[in-house]
2 protein chains.
Amino acid sequence: MLTLRQMRYFEALASARHFGRAAQTVNVSQPALSAQIMEMEEHLGTRLVERNRSGIILTAKGTQVLQRIRIILADVERLEQTARDAEGILAGLTRIGIIPTVAPYLVPQLVPHLRGLYPQIEIELKEAVTDRLIADLADGKLDAVIAALPIEADQLETRLLFSDRFFMAMAQNETDILSSPLMENQLDTERLLLLEEGHCLRDQALAVCGSAPKRNLVNVGATSMATLLQMVSHDMGMTLIPEIAVETEIARNNLRIVPFGNPAPAREIGLVWRRSSSRVEDMAALADAVTGCRRPAGKGAELEMA
Amino acid sequence: MLTLRQMRYFEALASARHFGRAAQTVNVSQPALSAQIMEMEEHLGTRLVERNRSGIILTAKGTQVLQRIRIILADVERLEQTARDAEGILAGLTRIGIIPTVAPYLVPQLVPHLRGLYPQIEIELKEAVTDRLIADLADGKLDAVIAALPIEADQLETRLLFSDRFFMAMAQNETDILSSPLMENQLDTERLLLLEEGHCLRDQALAVCGSAPKRNLVNVGATSMATLLQMVSHDMGMTLIPEIAVETEIARNNLRIVPFGNPAPAREIGLVWRRSSSRVEDMAALADAVTGCRRPAGKGAELEMA
DNA sequence: TAAAAATACTCCATAGGTATTTTAT
DNA sequence: ATAAAATACCTATGGAGTATTTTTA
């Protein structure tokens with residue numbers, strides 16, 4: 001079996017052109033170096049050096065082999081260097097999965113904030129429903145997931161990032177609900193618009209509003225908050241909207257955001273990672289970055305807008 | 001110290017994603033593989049894999065390291081392959097030195113002939129005086145030398161290629177010598193034109209013609225046979241010409257080639273190589289190619305031309 | 001004869017194996 | 001409770017050292 005030791009000795013020999021001196025440069029005895037070179041020649045089935053009274057000369061094969069060996073040794077050098085380069089906090093690649101009802105509202109704030117704090121960071125983002133993200137996290141395809149808690153799998157570690165209160169989004173001209181704040185379970189669930197299956201917000205909306213609607217105005221679930229709110233503004237019904245989405249989505253025409261009464265229903269958004277990942281510091285830094293990039297949450301009352 | 005063994009084990013581990021199975025693929029026990037991976041991590045100062053209950057996941061560092069390792073292992077593979085590729089006779093690079101009084105007349109025949117016989121051959125030619133060529137040969141900068149014998153250095157092996165008879169080249173209108181064949185030591189050495197110092201033919205010419213001329217018509221030695229014959233054809237004197245040059249040089253105007261009487265003086269052209277080179281077969285093939293590429297030598301008498 | 005590489009041998013570090021413990025699920 | 005990796009401990013291989021012989025110039 002060819003070894004790096006043999007290559008290092010051979011390189012020394014080719015440079016020194018002399019067994020004794022080569023042995024000195026690699027700090028071994030001449031017989032030790034001789035033995036390794038001989039074993040190498042034996043293993044490769046070729047004479048690599050011509051032995052002369054004064055110094056050695058590489059054979060044609062030896063010259064070819066030397067070229068390749070120099071490349072390999074340089075690559076090994078770089079490997080060791082790469083491995084030793086201390087990665088600071090969040091230096092290098094971090095693959096983050098974020099659920100679709102958070103991603104579009106958090107990412108534009110979070111990513112520049114992270115880049116500012118950790119210039120060396122490389123971020124890879126994936127947007128998918130919780131189950132998909134957690135599966136990828138467990139497989140090692142992701143390093144962290146931002147999703148609504150609770151997350152059950154217990155080889156995972158979790159940290160609460162923030163509470164995200166729910167509001168009701170309805171058309172401006174909506175007459176069914178005149179007074180605010182709303183009381184839960186007091187809503188016309190037949191007019192409730194939902195995301196498609198798999199989105200945790202769908203289940204949370206159903207939980208907040210009491211039960212599954214018998215028949216929805218729109219049977220096909222929407223694929224994003226944006227679509228949902230588009231539908232709302234076109235008088236197709238109403239929907240639950242998390243606080244994080246409000247600031248962005250309120251810009252739509254014909255949209256009215258109504259808070260719930262106390263205690264306000266909310267979802268808990270958390271950071272999730274593999275317990276075995278040993279990137280505790282990175283995860284703490286990431287969590288801090290998420291909480292740090294969000295402006296202080298507005299009061300519920302302030303969101304009652306025309 | 002990082003080893004190829006560690007890299008091979010790590011590659012297996014990354015592929016199998018499981019210590020036990022990885023150990024099987026490289027035919028060692030699980031603890032043996034574990035130990036090597038741990039040592040590697042220790043040496044590199046980084047955690048490379050996350051250990052889980054079911055299988056392992058590479059860390060970011062581990063992924064980087066794996067990429068480099070795969071390159072290195074592939075290069076080692078190719079190195080072993082390269083080394084094992086049997087080079088046939090005269091396949092690969094052969095560096096040949098030839099003296100200037102032979103090169104221009106032999107090379108145009110020899111090189112195409114060699115290419116025909118050994119399509120894989122790579123030839124590097126150097127033209128210089130014997131001493132320079134022999135020094136380069138000893139240093140391993142050349143693999144073979146074609147020069148006039150004898151060559152003294154005794155770490156060298158020699159094989160006679162052919163005998164190269166001498167003729168006298170003079171102007172057509174030269175009146176001093178009326179009869180042919182010439183007798184040695186019967187020449188007007190004062191009119192003898194010589195190559196510059198260092199050329200063996202210079203010394204051979206002096207040996208043939210008896211002694212060093214007291215004063216030459218041309219004090220500065222010529223740098224090539226071609227120059228010398230140019231001078232001869234311009235009535236500046238006469239010179240010794242080896243048979244190998246005759247066919248090419250006779251085309252000149254006003255040139256008369258006169259043979260010597262028996263025994264005709266001649267030089268012995270031989271092939272020289274390092275005894276330690278272990279390329280005996282290549283040298284034999286090269287020597288055969290040289291003798292094989294030369295047309296049967298013409299009779300001396302046939303060269304007495306107008 | 002002398003310089004250099006190969007051999008002979010001895011020793012020790014290290015890789016590897018088996019049995020067992022620890023760990024995490 | 002179980003599967004997997006780490007640890008303990010022993011063995012064996014192989015790399016290295018010193019002393020010596022062989023080679024060849």
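This report describes a predicted model of two protein chains with two DNA strands.

**Chain fold and symmetry**

Chain A contains ten helices and nine strands. Of its 306 residues, 39% are counted as buried. Contacts in chain A between residues at least 6 apart in sequence reach far along the chain, with 70% of them joining residues at least 24 apart.

In general, two copies of a chain are related by a rotation about an axis and a shift along it. Here chain B is superposed on chain A by a rotation of 180° with 0.0 Å of shift along the axis, and the RMSD is 0.4 Å. This is the relation of a two-fold axis.

**The interface between the chains**

At the interface, 35 residues of chain B are in contact with 35 residues of chain A. On the side of chain B that touches chain A, strand 1 (49-51), helix 4 (60-84) and strand 3 (92-98) of chain B each give two or more residues. Helix 4 of chain B gives the most to this side, with 16 residues. Of the interface residues of chain B, 100% are also interface residues in chain A, so the copies meet through the same surface.

**The surfaces near DNA**

The table sets out the residue classes of the protein surfaces in question.

| Surface | Nonpolar | Polar | Charged |
|---|---|---|---|
| Near DNA strand C | seven residues | ten residues | six residues |
| Near DNA strand D | six residues | twelve residues | six residues |
| Side of chain B that touches chain A | 13 residues | twelve residues | ten residues |

Around DNA strand C there are 23 residues, of which Phe19(A), Pro31(A), Ser34(A), Ser29(B) and Ala32(B) come nearest. Two or more residues each are given to this surface by helix 2 (19-25) and helix 3 (30-44) of chain A, and by helix 3 (30-44) of chain B.

DNA strand D is surrounded by 24 residues, and the closest are Ser29(A), Arg53(A), Phe19(B), Pro31(B) and Ser34(B). Helix 3 of chain A, together with helix 2 (19-25) and helix 3 of chain B, supply at least two residues each to the surface near DNA strand D. The most is given by helix 3 of chain A, with four residues.

**Helix 8 of chain B**

Helix 8 of chain B spans residues 225-233, and its buried residues are Met225(B), Leu228(B), Leu229(B) and Val232(B). These residues cover an arc of only 95° around the axis, which puts them on the same side of helix 8 of chain B. An α-helix has 3.6 residues a turn, so residues three or four places apart point the same way.

The buried residues of helix 8 of chain B pack against four elements of chain B, namely strand 6 (156-171), strand 7 (239-242), helix 9 (243-249) and strand 8 (255-259). Just after this helix, Asp235(B) adopts a positive phi of about 65°.

**Strand 9 of chain B**

Strand 9 of chain B, residues 266-274, is mostly covered, with seven of its nine residues buried. Strand 9 pairs with strand 5 (residues 144-148) of chain B in the antiparallel sense over four bridges. Within this chain, Ile146(B) has Leu271(B) in strand 9 as its bridge partner.

Strand 9 also pairs with strand 6 of chain B, again in the antiparallel sense, over nine bridges. Ser163(B) stands opposite Glu268(B) of strand 9. Strand 6 is also one of the elements against which the buried residues of helix 8 of chain B pack.

Note on methods:
Residues are numbered from 1 along each chain as its sequence is written. Chains are lettered from A and ligands numbered from 1 in the order in which they are written. This is a predicted model: local features need pLDDT of at least 70, side-chain atom pairs count only at pLDDT 80 or more; totals for chains, interfaces and linings use all residues. Copies are superposed by least squares on the C-alpha atoms of residues with pLDDT of at least 70 in both. Two residues are in contact if their C-beta atoms, placed from the backbone, lie within 7 Å. A residue is buried if 20 or more other C-beta atoms lie within 10 Å of its own, exposed if 12 or fewer, and partly exposed in between; C-beta atoms are placed from the backbone. The arc is that of the directions from the helix axis to the C-beta atoms. A residue is near a molecule or strand if its C-beta atom, placed from the backbone, lies within 6 Å of it. Ala, Val, Leu, Ile, Met, Phe, Trp, Tyr, Cys and Pro count as nonpolar, Asp, Glu, Lys and Arg as charged, and the others, Gly among them, as polar. Two strands pair if DSSP finds at least two bridges between them.
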